[in-house]
Structure formats: structure tokens, C-alpha cells
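Q: Please take a close look at how the cysteines are paired in this model. I would like the bonds described one by one, with their surroundings, and then a short account of the strand pairing and the charged pairs.

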Amino acid sequence: MAETTMIFKSILIALISLTQCEAFTVDLIHRDSPHSPYYDPSQSRYQRLTSAVQRSFNRVHRFKTSSKSPRSDIINSDGEYLMKYSIGTPPIASLAIADTGSDIIWTQCQPCIECFNQTLPIFKPKSSSTYKTIPCSDQKCKSLYETSCSRTRRNCLYSETYGDGSFTNGLLATETITLDSSDGKRVSFPNLIFGCGFKNGGIFDGGESGIVGLGGGTASLVRQLGQGMFSYCLIPLSDNKSSSSKLNFGDSARVSGKEVVTTPLVKKEPDTYYYLTLEGISVGSQRLGFSDKESGSEVNGLDGNMIIDSGTTLTLLPSELYGKYEKAIRGFVKLKEFKDPKGVFSLCYLTREDIRNIPDVTVHFRGADLRWRYENVFVRISDVAVCLAAEASTEIGIFGNLGQVNFLVGYDLVKRTVSFKAADCVKS
């Protein structure tokens, strides 16, 4: 009874904190910005973009398995978005990948058994007055799929492995997490479940300390804040030096207005991922759909055949539909084609200017027709070439972040919908 009362008080305090604070914005640092820990002045735009696209393909394997509220910052790192936050008491600065394809919040912790090098100081749980381990008997220990029990102290252990070979292992605990806004305001959330990682490795660049999961599972930041709603507005890659993308929670995450289109989320396992149903794409007046053969396949024609994901750069379409889409674009664009030397992009054109008079491209989700703009259809890879911002996938389709640029994208986990509204995210 006492434990139940304590949990209720913790949730109540978190919700009061969330309700009382005004909507706020955290500064975002793009990976390509000179202020970013990832910035490499020796790399060209093409090198950065091709690296991001390769991460997109690696990420597909991961998905194969089958009142006023705070506004936090996310950092576009050319395929991943990062967000700043602080952890513990006193608060220690942290920088994490904000990932709609993950549930767990985790950061590296000392003492490290195995840790990747990171720029920021590694969190020391013993130095925080609000850090608490979670016993195996606690219901919180069941908030993730991969948990176990330590042999000695009977504390809850977690383990997470990603499709690119990255991993994290450690203690599941609770801690105070603080989000910082660019206007100087701060909001703290006590007793949030997180992973204190003592053994971590894989493809991490050292700028980040871990991951903040924004997925649909019970341990994600979205679920733990108790709001069941979040939204973001992603800026084009070309605007990363002067502006930042925004991530909104609670009431400030509502997407409303006449131009909003809404599509249902499809319930599938695992519940981490956000599944949508793609019905086709229109190029000009030509509507491209799935063939009967494709509609009967496991990953393409059934409900929930696309995952919407902020951590994937390109939109990855089922192979047959991509072929129709590329052919239709070729029929409209009569510029000289350019063969990508690395073979990353299938269709590129030589042009120093944006392609003029491109056809209207509309993505047809169930109940929602999303009209793409130029920056969703093409991406510039150099001063003299642009490429189609989509590729073919033999696995499940993914609606990547270039396809979401300059849209306010809102997730309602209670109504189980995703809404889109065209926006100028630089001015939002």
C-alpha cells in the first residue's frame, strides 16, 4: 500500500510539473553545424549525406524484427536527431539520440565495464541524491522486453541490442530528468525509468551519451510523461546552420487546423514502432499503387506496411512501388542524369539549381493524402547534383525524416493516430 501511494505521488508530481510549466523550446544543434560535437569540417555535404543514408539501410534490419506543456529540442544529425537534457541531482548534462524507434531512455554510467568514448562527462549514479535502483520484484522491471535479475542484489537488469550491432547493458533505475529550454526555463520530471548503462558499445560517435526513446512502449519518454501525445517539426538540412527542429509534448503537441490530415496507427508487435498503412503514391495525375501480387505479400500490402521513423533519412518504399515511382519521376524530369559514384542513390540529376516544374507528388496513407514539396522529393548532394530522396527496400517500408521535413507531425497514442500539417519549420 505504501509503495502504491509513493508511485502515485511520483506520477502526480511529474504531471503537476508538466502542467504548470509553459511550453518551451530547447536549442537544437544539427550534426553539420560547427557547434555540433559531430562536426567534421573536412567532410563534404555528399560524404555526410551518404553516411546518413547508409545508416538508413542499416536501420531497416532493426525494424525487420518484428494545459501548457514542455517543448524540448532535438538535434538533426543527418539521419538521427539528438536532444539535450540533464539527469540526476545535481543535474548532469547529457546529449542523446531522440529515437521514435526505441522505448528505453538510457545513458552511460560509471563505473564503466565497457563504454564508448563520449565528449560529455559520464553520469555517476552514486553522486546523485535522486538515483534509485529498481528491485526485480517491482512492476517497473517489466516495462521493457529484455530485463533480468542480478544474482547478488536482486536488482533489475536491462539489455538492448540494435540492428547495427550497437548495444547497452546495465541497471534499470529511476532518476530525475530535466529538460532545458532556450529561454532559460527548466522543467524536471522525477522518478522516470531509465537504463544506467555500464556496458555499451557499437556505432556511437562520442557526441551522444545514449538514447531517449520516443517509441510506443511503456518505458518511453512519451509514455512516462503520461501525456500520450507528442509532435515535431523538422527543418530542411539546408537550414541547419541558423535554425533548429522542435519536439513538443502535451497540449503544445496538438496538430490542428483545416489543412491537417490524419491517418490511423496500426497496432502491431513490437509496440515500440509506429506503423502506418501506405496505399500508394501519385505523381502528377498518375496514381501508383500495389499490384495484386505485392498486396498479398507479407510486408507490403497488409495494414501497417510502413513505419514512420525520425531516425531514418530516406523514405524506403517497397521495391515494386519504388520502381513505378522512379519511372514516373523520370517521365517528368528531362535533365541529364548523374550516376552516383557510390551507388547509394538510384536516381540523380546534374543541376546547380533546384529542378523546376516538378510534378505534384502525393503520398497516400489511409485516410490522409500528404502532398510533398520539393524538399521531400529531392535532396541536394552537391553543388551540381540532386537525387531522389527515396530508395527501394525489400524489407518493411519506412517513412523517413526527409519525407517529413516542413510538416508538423503529431502522434496521439490515445486516439492512435498520426497527423500531418504543412508548415515552415524554420519559422515555427
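A: **Cysteine pairing**

If the bonded cysteines of the protein are numbered in sequence order, they pair as 1-8, 2-3, 4-6, 5-7, 9-12 and 10-11. The model is predicted, and a search through the whole of the structure finds six disulfides. Three of the bonds are described here in turn.

Take C109 and C196. Their sulfur atoms are 2.0 Å apart, and the pair counts as a disulfide because the cut-off is 2.5 Å. The torsion about this S-S bond is about -115 degrees, so the disulfide of C109 and C196 is left-handed. C109 sits in the loop between β4 (105–108) and β5 (132–133), whereas C196 belongs to strand β9 (residues 186–201), so the bond ties together parts that are 87 residues apart in sequence. C109 has a relative accessible area of 0% and is buried; C196, at 0% relative accessibility, is buried as well.

C141 and C156 are joined by another disulfide, with an S to S distance of 2.1 Å. The torsion about the S-S bond of C141 and C156 is about 90 degrees, so the link is right-handed. This pair connects distant parts of the chain: C141 is in the loop between β5 and β6 (147–149), C156 is in strand β7 (residues 156–161), and the two are 15 residues apart. C141 is buried because its relative accessible area is 6% and the limit for buried is under 20%. C156 counts as buried too, at 0% relative accessibility.

The loop between β5 and β6 holds C141, and a charged pair can be added at this point. K140 and D138 meet through their side chains in a salt bridge, with 3.8 Å from N to O. K140 is partly exposed at a relative accessible area of 22%, whereas D138 is buried at 10%.

C233 and C425 form a further disulfide, S to S 2.0 Å. The value about the S-S bond is -80 degrees, and the link of C233 and C425 is left-handed. C233 is part of strand β11 (residues 229–233) and C425 is in the segment after β27 (417–422), so this bond ties together parts that are 192 residues apart in sequence. The relative accessible area of C233 is 2%, and the residue is buried; C425 is buried with a relative accessibility of 1%.

Strand β9, which carries C196, also borders the loop of E208, which lies between β9 and β10 (210–213). E208 is a buried acidic residue, with a relative accessible area of 2%. Leaving aside residues up to four places away in sequence, E208 touches Y38, L95, A96, I97, F116 and Q118.

The strand pairing can be followed through β23. Strand β19 (residues 348–350) and strand β23 (residues 385–388) pair in the antiparallel sense over three bridges. Two cysteines face each other in this pairing: the bridge partner of C348 in β23 is C387. Strand β22 (residues 378–382) and β23 are also antiparallel, over four bridges, and the bridge partner of S382 in β23 is A385. Two residues lie between β22 and β23, which form a hairpin. Together three strands make an open sheet in the order β19-β23-β22, with antiparallel pairing. β19 and β22 are the edge strands, each pairing on one side only. On average, neighbouring strands of this sheet are turned by 30 degrees against each other, direction ignored.

Helix α5 (residues 319–332) lies across β19, β22 and β23 and runs at about 140 degrees to β23. Within α5, K324 forms a salt bridge with E320, and the closest N and O atoms are 3.8 Å apart. K324 and E320 are four residues apart in the helix, about one turn. K324 is partly exposed at 28% relative accessibility, as is E320 at 34%. Elsewhere, E279, R287, D303 and R366 are joined into one network by salt bridges that share partners.

Within that network, the side chains of E279 and R287 meet at 4.0 Å, N to O. E279 is partly exposed, with a relative accessible area of 34%, and R287 is partly exposed at 48%. In total, the structure holds nine salt bridges.

Terms used. Residues numbered from 1 in each chain as written. Predicted model: local features only at pLDDT ≥ 70, side-chain atom pairs only at ≥ 80, totals over all residues. Heavy atoms only, no water. Buried < 20%, exposed > 50% of the residue type's maximum accessible area, 1.4 Å probe, protein only. Contact = heavy atoms within 4.5 Å. Pairing = 2+ DSSP bridges. Axes fitted to C-alpha atoms, helices over the stretch in contact; angles between N-to-C directions.
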